[in-house]
Amino acid sequence: MKVLGILGSPRVGGNSDVLLDRALAGAKAAGAEIEKIVLGHKKISGCLACEQCNETGICAIKDDMPEIHKKILEADAVIHSVPVYFWAMTAQMKAYLDRWCAFFDAEWRWHKTYYPKMKGKRIGLITVCGDPNVSTADPIVHSFKTTCQFTKLNWIGVVQASAGAKGEIAKNEAAKKEAYALGKKGATP
Ligand SMILES: Cc1cc2nc3c(=O)[nH]c(=O)nc-3n(C[C@H](O)[C@H](O)[C@H](O)COP(=O)(O)O)c2cc1C
């Protein structure tokens with residue numbers, strides 16, 4: 001059992017990182033092998049819509065994303081954690097998500113090479129926003145949840161929390177508990 005954590009904040013040790021670490025701790029406690037990828041430490045360009053991947057399943061852009069594609073394919077669950085930037089996900093997370101394009105064919109069905117590995121993969125999400133109203137992050141939830149529904153991935157849920165200063169979320173025991181539970185869920189078939 002492998003659970004992959006994807007951090008979409010450039011702020012390592014920040015709020016979404018703290019919650020992602022809790023989720024991965026939950027996954028580990030449930031027996032999973034865990035790994036975290038900090039998108040801000042990777043070179044990930046925007047999708048070019050060149051459609052080359054529709055045939056080959058291989059992205060034409062030579063950066064760090066193909067290595068991340070491989071890790072997604074190998075994982076049983078992927079838990080994403082991202083702050084709200086201007087009522088949306090961060091640029092790092094959006095570039096990553098757009099590059100999921102490589103997993104699909106021209107009709108937006110899973111590429112035949114990837115379908116067996118993507119089918120039923122568990123996907124979770126953690127959002128953090130400065131606004132005390134956590135629903136400020138709903139557009140990000142919509143993006144991930146709809147992607148899962150559209151592609152029949154297994155949506156395991158979302159943790160939505162509020163915090164501003166770096167690491168402030170560490171005081172929010174309820175959010176940490178929820179993130180831990182989400183990680184456990186990720187590690188549970
Ligand atoms: C460029 C930028 C834009 C932001 N835009 C919003 C926003 O639209 N709504 C909001 O509630 N918080 C916004 N925030 C606040 C962050 O979501 C908040 O500080 C969050 O805790 C950061 O998470 P992190 O520590 O994981 O990076 C913004 C922060 C930055 C740096």
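## Close-up views of the predicted model

**View A. Trp110 is situated in the loop that runs between helix 4 and helix 5.** The model shown in this and the following views is predicted. Trp110 is buried, because its relative accessible area is 10%, below the 20% under which a residue counts as buried. Setting aside neighbours within four places in sequence, the residues in contact with Trp110 are Trp100, Phe103, Phe104, Asp105, Tyr115, Met118, Thr151 and Leu153. Thr151 also takes part in a polar contact: a polar atom of the Trp110 side chain is 2.8 Å from the backbone oxygen of Thr151. Although 41 residues separate Trp110 and Thr151 along the chain, their C-alpha atoms are 7.5 Å apart.

**View B. His111 occupies the loop between helix 4 (91-98) and helix 5 (115-118).** The relative accessible area of His111 is 3%, and the residue is therefore classed as buried. Its side chain reaches the backbone nitrogen of Gly57 at a distance of 3.4 Å. Gly57 is one of the residues that His111 touches when those up to four places away in sequence are not counted; the others are Cys53, Asn54, Glu55, Thr56, Phe103, Phe104 and Asp105.

**View C. The ligand is surrounded by 17 residues of the protein.** Ser9, Asn15, Ser16, Val84 and Ala163 come nearest to the ligand. By class, this shell consists of eight nonpolar, seven polar and two charged residues. Backbone atoms of the protein approach polar atoms of the ligand at several points, among them Phe86, where a polar backbone atom is 2.9 Å from a ligand nitrogen. At Gly130, a backbone N or O atom is 3.1 Å from an oxygen atom of the ligand. At Ala163, the distance from a backbone N or O atom to a ligand oxygen is 2.6 Å. The ligand taken alone exposes 650 Å², and the protein buries 77% of this area. Helix 1 (15-29) and strand 4 (122-129) are the elements that contribute two or more residues to the shell around the ligand.

**View D. Glu51 and Trp87 are non-glycine residues with positive phi angles.** Most residues other than glycine have a negative phi. For Glu51, phi is about 70 degrees, and this residue belongs to the loop between strand 2 (33-38) and helix 2 (52-56). Glu51 has a relative accessible area of 54% and is therefore exposed, the threshold being over 50%. For Trp87, phi is about 60 degrees. Trp87 lies in the loop that joins strand 3 (77-83) to helix 4, and its relative accessibility of 61% places it among exposed residues. Two tryptophans in these views can thus be set side by side: Trp110 is buried, whereas Trp87 is exposed.

**View E. The fold that frames these sites comprises seven helices and five strands.** Read from the N terminus, the order of elements is β-α-β-α-α-β-α-α-β-α-β-α. The protein has 189 residues, for which a compact globule would have a radius of gyration near 16 Å; the value for the protein, 16 Å, agrees. The C-alpha atoms fill a box of roughly 50 × 35 × 25 Å along the principal axes. Of the 189 residues, 47% count as buried. Among contacts between residues at least 6 apart in sequence, 75% join residues at least 24 apart. The accessible surface of the protein is about 9200 Å², and carbon and sulfur atoms account for 55% of this surface.

Notes
Residues are numbered from 1 along each chain as its sequence is written. This is a predicted model: local features need pLDDT of at least 70, side-chain atom pairs count only at pLDDT 80 or more; totals for chains, interfaces and linings use all residues. Side-chain values use heavy atoms; hydrogens and water are left out. A residue is near a molecule or strand if one of its heavy atoms lies within 4 Å of it. A polar contact is a pair of N or O atoms within 3.5 Å; within protein, one must be able to donate a hydrogen and the other to accept it, and residues adjacent in sequence count only if both atoms are side-chain atoms. Accessible areas come from the Shrake-Rupley method with a 1.4 Å probe; for residues, only the protein chains shown count as cover. Helices (H or I, at least four residues) and strands (E, at least two) are DSSP runs, numbered from the N terminus. Ala, Val, Leu, Ile, Met, Phe, Trp, Tyr, Cys and Pro count as nonpolar, Asp, Glu, Lys and Arg as charged, and the others, Gly among them, as polar. The radius of gyration is taken over C-alpha atoms; the globule rule is 2.2 Å times the number of residues to the power 0.38. Buried means under 20% relative accessible area, exposed over 50%, partly exposed in between (1.4 Å probe, protein chains only). Contact means heavy atoms within 4.5 Å.
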